[in-house]
Amino acid sequence: MAESLHPAAVDHLPVFVTAPGDADILFNVMAVFVLLLIFLIGLLYLRLHALPEHMAHGASKVQLQLVAVLSLIALFTHNHLFWIAALLLALIEFPDFSTPMSSMADSLRKIAHRDDKPLETGSTELPATPTKPQAMQPEPQWGPFEPAPSASEGLAERRG
């Protein structure tokens, strides 16, 4: 039996039309293309969400943690305001307050001749055994100033 075309069919069929029982090449190519496109769009989406973290990588640890948390919240809630806040926080460079403060504390410690000594606090207990008198020291020991309470101080109201 010879194959005969339907009288309403055209003589020439396009390339993408396959004969019955043949593999549909265009469908297979488009399926691979769509899967690759979905993978690449997902990769771009995750890379875009990680952009503030990459920008804040050289910043302080606290700033990096804040940016990372805001980026994760934006990723899981799909609320773009968190991502914008993370991006702005990553772009802002916080001033370094801790280094000058520690430098001032070191300088004050050196001025007071307290190289790496902890602050001494006054003992509230009396010693159980009497101690021997100590010899006079060449330099006075500096400590926190605690004024002696006066008799009228207990009756007056303290305001601070």
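How many salt bridges does the count come to in this protein? By the rule used here, the count comes to 1 salt bridge. We'll get back to that pair further down. One thing to keep in mind from the start: this is a predicted model.

## The overall picture

Let's begin with the whole chain. The secondary structure comes to 5 helices and 0 strands. Walking from the N terminus on, you meet the elements in the order α-α-α-α-α. The protein has 160 residues, and buried ones make up 11% of them. Its accessible surface comes to about 15100 Å², and 68% of that belongs to carbon and sulfur atoms. As for contacts with a separation of 6 or more, 46% of them are accounted for by residues 24 or more positions apart.

## Where α1 meets α3

Two packed helices are described by the angle between their axes and the distance between the axes. Here the pair to look at is helix α1, residues 25-49, and helix α3, residues 61-77: their axes come within 10 Å and cross at roughly 145°. On the α1 side the contact is made by Tyr45, Leu46 and His49, and on the α3 side by Ser71, Ala74 and Leu75. Sorted by class, this contact has 4 nonpolar residues, 2 polar ones and no charged ones.

His49 is a good place to zoom in. His49 lies in helix α1. Is His49 buried or exposed? With a relative accessible area of 10%, His49 counts as buried, because the cut-off for that is under 20%. Setting aside neighbours within four places in sequence, His49 is in contact with Ser71, Ala74, Leu75 and Trp83.

Now look across to the other helix. Ser71 lies in α3 and is buried too, with a relative accessible area of 2%. Leaving out its neighbours within four places in sequence, Ser71 is in contact with His49, Pro52, Glu53 and Ala86.

Leu75 is also found in helix α3. Not counting residues up to four places away in sequence, Leu75 touches Tyr45, Leu46 and His49. Leu75 also makes a nice example of sequence distance versus space: Leu75 and Ala50 are 25 residues apart in sequence, yet 9.2 Å apart in space, C-alpha to C-alpha.

## The largest nonpolar core

Which residues form the largest nonpolar core? There are 6 of them: Ala56, Val67, Leu70, Ala86, Leu89 and Ala90. The elements giving two or more residues to this core are α3 and α4, the latter spanning 80-91. Helix α4 gives the most, with 3 residues.

Leu89 is one of the core residues. If you skip residues up to four places away in sequence, Leu89 touches Gln63, Leu66, Val67, Leu70 and Phe94. Val67 and Leu70 from that list belong to the core as well.

Helix α4 also holds Leu81, but that residue is exposed, at 61% relative accessibility. Leu81 and the core residue Leu70 are 11 residues apart in sequence and 9.3 Å apart in space, C-alpha to C-alpha.

## The loop between α3 and α4

His78 lies in the loop that sits between α3 and α4. What is special about its backbone? Phi of His78 is near 55°, a positive value in a residue other than glycine. His78 is exposed, with a relative accessible area of 52%.

## Back to the salt bridge

Side chains of opposite charge can pair when their charged atoms come close. In this model, the side chains of Arg109 and Asp106 meet in a salt bridge, at 3.0 Å from N to O. Both sit in helix α5, residues 98-111, and since they are 3 residues apart there, about one helical turn separates them. Arg109 is partly exposed, with a relative accessible area of 31%. Asp106 is partly exposed as well, at 38%.

## Some residues side by side

Here is a small table of relative accessible areas for residues met above.

| Residue | Relative accessible area | Class |
|---|---|---|
| Ser71 | 2% | buried |
| His49 | 10% | buried |
| Arg109 | 31% | partly exposed |
| Asp106 | 38% | partly exposed |
| His78 | 52% | exposed |
| Leu81 | 61% | exposed |

Conventions. Residues numbered from 1 in each chain as written. Predicted model: local features only at pLDDT ≥ 70, side-chain atom pairs only at ≥ 80, totals over all residues. Heavy atoms only, no water. Helix = DSSP H or I, 4+ residues; strand = E, 2+ residues; numbered from the N terminus. Buried < 20%, exposed > 50% of the residue type's maximum accessible area, 1.4 Å probe, protein only. Contact = heavy atoms within 4.5 Å. Areas by Shrake-Rupley, 256 points an atom, 1.4 Å probe, with all protein chains shown as cover. Axes fitted to C-alpha atoms, helices over the stretch in contact; angles between N-to-C directions. Nonpolar A, V, L, I, M, F, W, Y, C, P; charged D, E, K, R; others polar. Core = buried A, V, L, I, M, F, W, Y, C linked by side-chain atoms within 4.5 Å. Salt bridge = Lys/Arg side-chain N within 4 Å of Asp/Glu carboxyl O.
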